[in-house]
Amino acid sequence: MDIQKQAVNSEAVGLIFPVHIWGVPKRVLSFLDKLKSISPRYIFALANNAGQVSNTLVQLKKEMAFRNLTLSSGWSIIMPSNYIPWGGPGSQDKQNERFQVAELKLTTITEKVQSRIEMPVEKGPLWQRIVFTCLYKLSLPYVHKMDAKFWTDEKCNHCGVCVNICPAQNIDIQYEKLTWHNHCEQCLACIQWCPKESLQYGKKTPVYPRYHHPEIKLRDLMN
Ligand SMILES: Cc1cc2nc3c(=O)[nH]c(=O)nc-3n(C[C@H](O)[C@H](O)[C@H](O)COP(=O)(O)O)c2cc1C
């Protein structure tokens, strides 16, 4: 995530990111350090999640305040789950329902952003914020090493899509074998986009369907 020239001149900046392990992904936290240098007047956030935004936007607001940045508004957008170790994205009907609700909500958000509305950020129930924030804090230091559970089955033809798509440049192919280098961000794009569905994580992923947002194509994500 590099700050582009346009962003430097923008008076409004939107942070649009997925909720990971009930909080702000590390990569987004690093981006805040760069954002500090341009101090936009209006910053809003959209946290994509699968139904448990928990304390993510409150955490983001605090992390920003710590860097002298103000989060003026923050919304939760519920999408199908892409956390494949726990299951697939749900039936197509369920996915479509979520897309429709999200689209409607985005219309309202667009109007609010255009009028530069300042309002409290959205958050999950109190019990979730307490319990899941503890889990987030406990897991964060180990996320980069969670790649130990990746493996490929016999369908892998070393096409290199996973190598290319990984935003952390964490995968390479050595002697026809995939190697992970312990700086994983856990986005799981490698699994979701493996053309042969050969890449797996832990024991259960071989039976779960892959998920791509219907409007995102592989070329949009290639490095
Ligand atoms: C590592 C990881 C952790 C996740 N943690 C959460 C979570 O704590 N709460 C939640 O609601 N969704 C969680 N998700 C689901 C995603 O946030 C959600 O499916 C994603 O934003 C879908 O976005 P897209 O349709 O724009 O690709 C997680 C996904 C991944 C890959």
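**Exercise 1. Strand pairing in the open sheet**

Work out how E1 is joined to E2 in this predicted model, and in what sense the two strands run.

Solution. Step 1: E1 and E2 run parallel, and seven bridges join them. Step 2: two pairs illustrate the register. Leu15 lies opposite Ala45 of E2, and Ile16 has Leu46 in E2 as its bridge partner. Step 3: in a regular strand, side chains alternate between the two faces of the sheet.

**Exercise 2. The sheet as a whole**

Give the strand order of the open sheet, and state which strands form its edges.

Solution. Step 1: the sheet has three strands in the order E1-E2-E3, with parallel pairing. Step 2: strand E1 (12–18) and E3 each pair on one side only, and these are the edge strands. Step 3: on average, neighbouring strands of this sheet are turned by 15° against each other, direction ignored. Step 4: helix H4 (residues 92–114) packs on the sheet and touches E1, E2 and E3. The direction of H4 makes about 165° with that of E3. Step 5: E2 is mostly covered, with six of its eight residues buried.

**Exercise 3. Helix H3 and its surroundings**

Identify the buried residues of H3 and the elements against which they pack.

Solution. Step 1: H3 spans residues 56–66, and its buried residues are Thr56, Leu57, Val58, Gln59, Leu60, Lys61 and Met64. Step 2: these buried residues pack against helix H2 (26–35), strand E2 (42–49) and strand E3 (73–78). Step 3: an α-helix has 3.6 residues a turn, so residues three or four places apart point the same way. Step 4: after H3 comes Asn68, which has a positive phi, near 60°.

**Exercise 4. Glu63**

Decide whether Glu63 is buried, partly exposed or exposed, and list its contacts beyond four places in sequence.

Solution. Step 1: Glu63 belongs to helix H3. Step 2: Glu63 has 17 other C-beta atoms within 10 Å. Step 3: a buried residue needs 20 or more, and an exposed one has 12 or fewer. Step 4: Glu63 is therefore partly exposed. Step 5: leaving out residues up to four places away in sequence, Glu63 touches Val24, Leu29 and Leu32. Step 6: Asp33 is 30 residues from Glu63 along the chain, and their C-alpha atoms are separated by 9.9 Å.

**Exercise 5. The hairpin of E5 and E6**

Describe the pairing of E5 with E6 and the residue with positive phi in their hairpin.

Solution. Step 1: strand E5 (residues 171–174) pairs with strand E6 (residues 177–180) over four bridges, in the antiparallel sense. Step 2: Asp172 stands opposite Thr179 in E6. Step 3: two residues lie between the strands of this hairpin, and Tyr175 takes a positive phi near 50°.

**Exercise 6. Two domains and the ligand**

Set out how the domains are arranged and which of them contribute to the shell around the ligand.

Solution. Step 1: the protein is divided into domain 1 (5–140) and domain 2 (143–221). Step 2: their C-alpha centres lie 24 Å apart. Step 3: 13 residues of domain 1 are in contact with 13 residues of domain 2. On the domain 1 side of this contact there are six nonpolar, five polar and two charged residues. Step 4: each domain gives at least three residues to the shell around the ligand. Step 5: of the 19 residues around the ligand, those that come nearest are Pro18, Asn48, Asn49, Gln52 and Met79. Step 6: by class, the shell has ten nonpolar, nine polar and no charged residues.

Methods
Residues numbered from 1 in each chain as written. Predicted model: local features only at pLDDT ≥ 70, side-chain atom pairs only at ≥ 80, totals over all residues. Contact = placed C-beta atoms within 7 Å. Pairing = 2+ DSSP bridges. Axes fitted to C-alpha atoms, helices over the stretch in contact; angles between N-to-C directions. Near = placed C-beta within 6 Å. Nonpolar A, V, L, I, M, F, W, Y, C, P; charged D, E, K, R; others polar. Domains from an automatic or database assignment.
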